Amino acid sequence: MKHVISVLMENEPGALSRVVGLFSARGYNIETLTVAPTEDATLSRLTLITAGSDEVIEQITKHLNRLVDVVKVVDLTEGPHIERELMLIKVRAVGKEREEVKRTADIFRGRIIDVTDKSYTIELTGDQGKNQAFIEALDRSAILETVRTGVSGIGRGERILKI
């Protein structure tokens with residue numbers, strides 16, 4: 001099962017490599033990884049997606065909590081949460097394809113952010129399922145390049161990750 005794990009950690013050199021090292025040393029896979037400073041410049045928030053049974057996720061959480069740089073760990077999938085991913089996708093758009101690509105982008109609430117005579121670059125924000133559905137709605141041969149940020153997530157309502 002997919003889990004979205006948020007980690008509040010010290011914003012120090014090497015902190016990220018220790019988290020990633022923990023995963024690789026134990027053979028766990030990180031599907032997506034996003035990290036940035038928080039409102040407190042001394043802390044960073046790392047959001048990652050990994051897959052595993054409840055027991056595996058519990059082990060990952062315990063190992064993360066033992067790292068010196070880690071302040072707090074939360075499995076967002078244990079409760080209501082919001083997750084979003086930004087995707088930039090460059091697609092071939094020539095002739096009659098242009099209108100079809102534009103219509104598809106509009107249906108998925110994407111924004112065309114760059115236009116050339118042969119391509120569109122589209123910005124799309126949503127959960128991974130929505131972004132994947134957009135890719136599947138396009139002709140595969142029309143996709144020139146895809147860039148995805150990985151998931152950022154936050155608990156709903158009063159649920160916060162703060163020290």
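1. Glu85 has its place in strand S5. The model is a predicted one, and this residue is a convenient place to begin reading it. At 2% relative accessibility, Glu85 counts as buried, because the cut-off for that class is under 20%.

2. The side chain of Glu85 has polar partners. One polar contact, of 3.0 Å, runs to the side chain of Arg148. Another, of 3.1 Å, runs to the side chain of Asn131. Setting aside residues up to four places away in sequence, Glu85 touches Leu124, Thr125, Gly126, Gln128, Asn131, Arg148, Thr149, Gly150 and Val151.

3. Which strands pair with S5, the strand of residues 81–92? Strand S8 (residues 143–155) pairs with S5 in the antiparallel sense, over ten bridges. Strand S7 (residues 119–126) also runs antiparallel to S5, and eight bridges join the two. Individual positions can be checked by eye: Ile89 has Thr146 as its bridge partner in S8, and Arg92 stands opposite Ser119 in S7.

4. Ile143 belongs to strand S8. Neighbours within four places in sequence aside, Ile143 is in contact with Ile89, Lys90, Val91, Ile135 and Leu138. For a sense of distance across the model, take Ile143 and Asn11: they are 132 residues apart along the chain, and their C-alpha atoms are separated by 37 Å.

5. How many salt bridges does the model contain? The count comes to ten. Three pairs and one network are described in the points that follow.

6. Lys162 and Glu39 form a salt bridge in which the closest N and O atoms are 3.9 Å apart. This pair links distant parts of the chain, with the two positions 123 residues apart: Lys162 is in the segment after S8, while Glu39 is in the loop between S2 and strand S3 (43–51). That 3.9 Å separation is accepted because the salt-bridge limit is within 4 Å. Glu39 counts as exposed, at 66% relative accessibility, whereas Lys162 is partly exposed, with a relative accessible area of 47%.

7. A salt bridge also joins Lys62 and Glu58, with the closest N and O atoms 3.2 Å apart. Why are these two separated by about one helical turn? Both are in helix H2 (residues 54–66) and they are four residues apart, which means a separation of about one turn. Lys62 is partly exposed, at a relative accessible area of 37%, and Glu58 is partly exposed as well, at 43%.

8. In the salt bridge between Arg111 and Glu123, the closest N and O atoms are 2.9 Å apart. Here too the pair links distant parts of the chain: Arg111 is in strand S6 (residues 111–115) and Glu123 is in strand S7, twelve residues apart. Glu123 is partly exposed, with a relative accessible area of 22%.

9. Glu99, Glu100 and Arg103 should be viewed together, as salt bridges link them in a network.

10. The surface also has a nonpolar patch of about 250 Å², made by Leu16, Val20, Leu33 and Val35. Helix H1 (15–25) and strand S2 (32–37) are the elements that give two or more residues to this patch. Val35 lies in strand S2. With 37% relative accessibility, Val35 counts as partly exposed; the residue can be in a patch because the cut-off for patch members is over 30%.

Methods:
Residues are numbered from 1 along each chain as its sequence is written. This is a predicted model: local features need pLDDT of at least 70, side-chain atom pairs count only at pLDDT 80 or more; totals for chains, interfaces and linings use all residues. Side-chain values use heavy atoms; hydrogens and water are left out. Patches are made of residues with over 30% relative accessible area and no salt bridge: like charges are joined within 9 Å, nonpolar side chains (Val, Leu, Ile, Met, Phe, Trp, Tyr) within 5 Å. Accessible areas come from the Shrake-Rupley method with a 1.4 Å probe; for residues, only the protein chains shown count as cover. A salt bridge is a side-chain nitrogen of Lys or Arg within 4 Å of a carboxyl oxygen of Asp or Glu. Buried means under 20% relative accessible area, exposed over 50%, partly exposed in between (1.4 Å probe, protein chains only). Two strands pair if DSSP finds at least two bridges between them. A polar contact is a pair of N or O atoms within 3.5 Å; within protein, one must be able to donate a hydrogen and the other to accept it, and residues adjacent in sequence count only if both atoms are side-chain atoms. Contact means heavy atoms within 4.5 Å.
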